[in-house]
Amino acid sequence: MSNVRFDMISVGRGRILAKEAGTDRIFHLVMDELFRTYRVTGPDCDLGLTPGRHEDPPVPGFYMKLDPEFFRPGAADLTVPPGAARDYAEHPASLRLPVFAELLKLEATDLMLVLQQPRVWYLVDARSPLMITGPDDLRVSEADFRDIFTEARLREILQAVVDGYAEQLRLAVRGRSEDELRRALGSLSTDQLRGLVEDEIRDRAGDWVAETAVEVFRGLIDALLTAVRDWLRDVAAPLVAQAVGEAIGPAIIGPLASAMRRQIEQEGFGALLVPGNGLLLLTLYNLRRSDALRSAPGGRLALHPAKALEALTGMPGVEPLDEAIAELMLRARRRAVEAPPGGWSDGLPTPNQPPHWLPTYEHIRYERADGSAPQPRYGIQFSEVLDIGVGYSHWSEHWQSHFGGEIHSLLATRPAFQQERYNLMQYRFLNGPVMDGDAFNDGTTNFYLLVRLGKVEEAQAVQRQRFAILWIDEQTYFTQRWRLLHPTADVLGDLFSLAHTIKDNPTWFPYSDETFWQERYWSPFDDELITEDSRMVVRRQIVAVTGYDPDRGTHEIYTICFNYGVSDYTWRWRRYPSAEQVLIDREHAQDRDPTYPDTVPTGPADAYVLVNTLDMRDDTTLQVRGTMRLGVVAPPNPPPRPDPAPALRPVRWVQRYLPADGRHVPRPYQLTGGKPAVGFGHPWDVVSEEAYRRADRYYQFGVYTDSIDSRCQYYSVELLPGDDGTVPTLADVTGAVWRNGWDDGSGYADCGSAPTPAGRLDINTVNFAWTLAHDADDPAYIDVGSGKLLRNRRCLPTISMYERTTRFKLLQRDPLGLIAVFADKRDDELQPASDLPREIVLTEDFEHSTVPDEWEQETGGVAKPPPVTTPRTIRLLVRSNTRLVHPPVVTKARVMRVKGQGKHGLRVTFWTPQDENEVCRNIWQVSLAGVDASGVLPIFQRVRFPSFVRQGQPTAPLPLDHTGELGDTWRYEWVWEDIDKEMAARIDRLCTPAGHIDYATSLWFEDVVGHVSTADLLVFE
């Protein structure tokens, strides 16, 4: 990398994407180890968690890409990385490694596994693989089947099969027919033959002559008959059998081809039943003949993967069939995509062809060493990269509604399964009992490019769109190339993506019908609202692009949530904050301290916004730079402009990606196909540049706490009497960590239908175990009948997928009461425990006490031994499970100073569109603070109940299409009285419009599981 110079760098949540200057080569890097576990065993490794350890051993992250050396002659340098052959205590991120390792050993596909090391640059290899078949290739129609498999084509295929198996067929038929002929001829009786000859002599001569002749020649006749019989058996039979063996092949081809063609005409795909069974038998024959499949002790089957591959790929006579299948697949692909005006040329579209209306080029070509049989693969052509971005969701981070995404691959329903989440069911079977969001959230990473389409010399040519966003998943083998960011337009050949599912099944998703995506989707790229000055920002899976609407004469922001498994229904737009719009030099727009144009700090306007400095924080807060005369346009109601006007000061405007209620504007059912008439309208906030930089040090903007330790679910629980008949107090249980179940390392054992042991939670589901048991006598064979491929999770000693036990914390959350949350955030993705309510037993756990504080700051540190003490045990009734994905929903909040008669007070009010039951879960605590150079300036932290009182009770829920402000029935209020002078002085300094700007004073809300959020609008009076 010493000779590589980057001209673009994008950072997102521990992932870095960079573009090499002067090229389209993209590199990526991960800053930290993605996963850690408690034990690693295997080649060159034996790491366990013991007191005195310096860290938990990491689990390598990995991705799959094209193997660039696969088609080169000779053996590969390395097929299976050593890290892929290790055992990581069944950490979910490592479960597939044994299967992938076996696949790589076979060297059967052009796929390679990259074990990603932290702080190491990797090149994004966007070249299309050859040995991959997409779902569109397999959607063969009966009409094409009938059309391609003509009698002549069937004769050709059968002739190839007969030629391929000619010697085996000849030997088999000859041997069988010779045995039958020998048996038949050898069984002829000499007496029977003699009787036939004597009768013939008597018929042709008189009785005396015949009897004399018979007597004279009887011995000779017997000898002659015996010789003839032996000759027929020993000489004629083999000759006849050989002739039959040589003739059987050509003899059956014609009649069999005619019969198969008649059956195809009559039954279509139904005609495949008999040939399919024959192919299955032929496959099993080859596997047995090659010793790839054999019986293991106990009657089980054992498979030798390498021999099996050799047997299957070495089946003769398949070339004509391969050609017919390739033609079927080509026709299937042509039906799957829109054709160009003149139709497709020969061989097009390729298995992953870009849309015809995009400029393309031959990106890679596969051909034989002599140059024959070329197979090109095409990519989308672009002449300039304007911006880059990386979107990332960590495996252990659960989706929340403000992260966006109207359609989720895992959370979408399928009507055929009574609204069951079909994809999630499949995902659980393969990955365990999880309730996941953010699509396939197993470390989902996508890369994005904002590009100018076409060749350099054709950049000004008229095209359907001049600019585009291209994307590719980190698992480049499956997305195969850079694809157009669009919910349905560019999906040919990709595997398992949500976009492909949407295109094939539009009615599976809410607010859609058969024509939804063609008629209601809108893109700013189609309307030519993206220009050379546009900037792209990516965080998580949210993409924001700046553009210019010539009809309105103003710059705007366009957003969509899109990745491999998540999508919005359309792009949406929003206005910039109210200020004069200015463009900054794009080369310096993202510098930490960019030089502003002269007008911005000294111009006559009251505020300027630098539109192409748009950026987005990891918490999905949009922010943009500018200047403003503080005190002149302070939101929300600017006072009269003073004279002389104050100087312009650098500021940052900030706005949530989605409003507090998480709704998209407009709603999906309001889409028309054109640019929406309205865009997001929730307000922008503004703080000084100095205040922004201080507030920017915290993970969530406006939430001034060093760590946010939230969960997405909780269990409602009740303390039960212990063995002594007394119920523990809340103080006894809420300050500790408790565990349920314990894995003693004895391994999994199927418990069948036996009941779960008393006192333990379980999850009653089955998933694929990804366990390959090798034969004890010959490890090259895999025991396919071992019974270890499926795992009944209710038989496991604990429900956690990460640790040997499942740890909980107990929290008092009035008015809900006592709740239990997972102590380990990784367990937070588990689906709810089964068969609730039930009684369980929790045992006090001290593992958390072994973790040094230095680990939290990643500055080293040595683990401490657990304390030597007897753990306590408590009994609980676990009533129910509740999942929370919406952070606190507050549309407006107001902080008002109250003074009178020498006393100081504070009236805090907020409005939320929720009923009281929802608020009990959604808003548990309220905090107010600001920041200055010394750090956080706290004002109060108050549990909502019973301090904040609702001012009325609504008679009905709010309508779904409600807009505007909420009334008193949705208002909560608390008055803080008798504030001391020191705190009153702080409030006077921070809790004013000017104080909010200078100190980023913020009011934030926390729900019962730790989600935090600010209001859409915060007013200080």
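## Strands and the 11-12-34 sheet

Two strands pair if DSSP finds at least two bridges between them. Helices (H or I, at least four residues) and strands (E, at least two) are DSSP runs, numbered from the N terminus. The structure here is a predicted model, in which local features need pLDDT of at least 70, side-chain atom pairs count only at pLDDT 80 or more, and totals for chains, interfaces and linings use all residues. Residues are numbered from 1 along each chain as its sequence is written, and side-chain values use heavy atoms, with hydrogens and water left out.

With that in hand, let us look at one sheet. Strand 11 and strand 12 (residues 301–303) run antiparallel and are joined by three bridges. One pairing to look for is Leu293, whose bridge partner in strand 12 is Leu303. Three strands make up this open sheet, in the order 11-12-34, with antiparallel pairing. Strand 11 (293–295) and strand 34 are at the edges with a single partner strand each, so one side of each has no neighbour in the sheet.

## The protein as a whole

The protein contains 21 helices and 48 strands. Of its 1021 residues, 51% are buried; buried means under 20% relative accessible area, exposed over 50%, and partly exposed in between (1.4 Å probe, protein chains only). Taking contacts (heavy atoms within 4.5 Å) between residues at least 6 apart in sequence, 70% join residues at least 24 apart.

The protein exposes about 47200 Å², and carbon and sulfur atoms supply 53% of it. These accessible areas come from the Shrake-Rupley method with a 1.4 Å probe; for residues, only the protein chains shown count as cover.

## Cysteines and the disulfide

A search of the whole structure turns up one disulfide, defined as a pair of cysteine sulfur atoms within 2.5 Å. The partners are Cys751 and Cys795, with their sulfur atoms 2.0 Å apart. Cys751 sits in the loop between strand 32 (737–740) and strand 33 (766–768), and Cys795 in the loop between strand 35 (790–792) and strand 36 (806–813), so the pair ties together parts that are 44 residues apart in sequence. The torsion about the S-S bond is about -75°, so this disulfide is left-handed.

Cys751 is partly exposed at 27% relative accessible area, whereas Cys795 is buried at 13%. Two other cysteines to look at are Cys561, buried at 1%, and Cys712, buried at 2%.

## Helix 1 and its cover

In helix 1 (residues 97–106), the residues Leu97, Phe100, Ala101, Glu102 and Leu104 are buried. Their cover includes strand 8 (61–66), strand 9 (111–116), helix 8 (305–313) and strand 34 (782–783). Just after the helix, Glu107 takes a positive phi of about 50°.

## Pro58 and a nonpolar patch

Pro58 belongs to strand 7 (residues 58–59) and is partly exposed at 30% relative accessibility. Leaving aside residues up to four places away in sequence, Pro58 touches Glu33, Phe35, Arg36, Val40 and Tyr88. Its C-alpha atom is separated by 7.7 Å from that of Leu34, 24 residues apart along the chain.

On the surface, Phe429, Leu430, Val766, Leu789 and Leu790 make a nonpolar patch of about 370 Å². Patches are made of residues with over 30% relative accessible area and no salt bridge (a side-chain nitrogen of Lys or Arg within 4 Å of a carboxyl oxygen of Asp or Glu); like charges are joined within 9 Å, and nonpolar side chains (Val, Leu, Ile, Met, Phe, Trp, Tyr) within 5 Å. One of the patch members, Leu790, lies in strand 35 and is partly exposed at 45%.
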